[in-house]
Amino acid sequence: MNLLLNPTPMPQTIPTTLEKIYRRLLETFGPQHWWPAQTKFEVIVGAILTQNTNWGNVEKALENLKKQKVLFPWRLYDIPTEKLAQLIRPAGYFNVKAKRLKNFMEFFFKEYGGNLKKMQSESLEVLRSKLLSVNGIGPETADSILLYALDKPVFVVDAYTKRILLRHNLAHPDADYHEIQEYFMRHFPMDVKQFNEFHALIVRLGKDYCRTKPRCEQCPLKDIAYSLTYKCRRCHRALPLKKERISFQEGYFCLNCQR
Ligand code: SF4
């Protein structure tokens with residue numbers, strides 16, 4: 001079942017909404033210059049370290065790695081896991097993340113000899129599925145590596161993305177990572193630069209405005225149709241209770257309007 005509210009491309013409506021959101025965010029916040037890193041390899045390490053923590057903590061961990069001069073493929077491959085865990089301690093879950101980094105390094109050297117260019121020459125589909133097979137690398141981390149370190153045209157979905165789409169009635173609450181990603185990739189230009197910028201702008205929007213308690217009145221998207229409640233697509237009545245909503249591919253209907 002496709003859980004996005006408008007699964008087929010509709011050039012007159014959905015792309016306009018996404019593109020309108022993108023343009024508005026770019027006008028408001030300006031370019032975000034992502035990913036903040038000096039090297040592609042640093043992007044990969046940062047993408048693994050940023051799981052379940054804020055970027056400030058990741059920066060401290062990266063700084064420790066730089067001070068010890070281990071933020072290089074062969075040095076990170078060689079360093080004992082326990083020592084690595086101590087260096088990345090500020091990023092939280094340091095024992096788990098040290099193992100994840102080592103898992104990635106094993107994969108990186110086994111498959112590509114520790115060579116980023118070789119890794120980059122792999123096709124997007126093959127590389128994505130290989131990355132997802134590495135223990136500790138989920139879809140968001142894999143896609144961040146693909147987009148920000150390897151310039152592959154793939155959209156990164158995070159919790160902010162889903163929250164904003166939901167609040168603007170562009171996705172179903174049960175839509176999963178891949179359905180949301182497919183939605184962006186079908187309705188927004190497949191362009192590395194724009195995917196890069198759009199994800200970064202969404203993170204900025206989520207941090208500044210679309211928080212758990214949204215700040216809609218000040219938000220740059222406040223005039224782009226949004227709703228913090230589910231509404232019947234036909235009679236537009238608010239449907240706060242789950243049992244009041246009948247869900248179809250096109251969205252929600254109330255019990256009266258279901259036919
Ligand atoms: S804060 Fe309100 S207007 Fe802004 S993105 Fe979130 S739901 Fe939309």
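Helices and strands are here runs assigned by DSSP, numbered from the N terminus; a helix has at least four residues and a strand at least two. The model on display is predicted.

**First stop: glutamine 218.** Please select glutamine 218, which is situated in the loop that joins α12 (192–208) to β1 (245–248). Is this residue buried or exposed? A residue counts as exposed if 12 or fewer other C-beta atoms lie within 10 Å of its own. Glutamine 218 has 9 C-beta neighbours inside 10 Å and therefore counts as exposed. Next, add aspartate 208 to the selection. The C-alpha atoms of aspartate 208 and glutamine 218 are 9.8 Å apart in space, and the two residues are separated by 10 positions in sequence.

**Second stop: the ligand.** Display the ligand together with the 13 residues around it. Those that come nearest are Arg167, Cys210, Pro214, Cys216 and Cys219. Sorted by class, this shell consists of 9 nonpolar, 3 charged and 1 polar residues.

**Third stop: helices α2 and α6.** Select residues 40–49 for α2 and residues 94–112 for α6. The axes of these two helices lie 10 Å apart, and the helices pack at an angle of about 140°. Angles over 145 degrees would count as roughly antiparallel; α2 and α6 are therefore oblique to each other. The crossing of α2 past α6 is right-handed. To view the contact itself, show the side chains of Val45, Ile48 and Leu49 in α2, which meet Lys97, Arg100, Leu101 and Phe104 in α6. This contact comprises 5 nonpolar and 2 charged residues, with no polar ones.

Notes:
Residues numbered from 1 in each chain as written. Predicted model: local features only at pLDDT ≥ 70, side-chain atom pairs only at ≥ 80, totals over all residues. Near = placed C-beta within 6 Å. Nonpolar A, V, L, I, M, F, W, Y, C, P; charged D, E, K, R; others polar. Buried ≥ 20, exposed ≤ 12 C-beta atoms within 10 Å, placed from the backbone. Axes fitted to C-alpha atoms, helices over the stretch in contact; angles between N-to-C directions. Parallel < 35°, antiparallel > 145°, perpendicular 65-115°, else oblique. Left-handed = near helix turned anticlockwise from the far one by under 90°. Contact = placed C-beta atoms within 7 Å.
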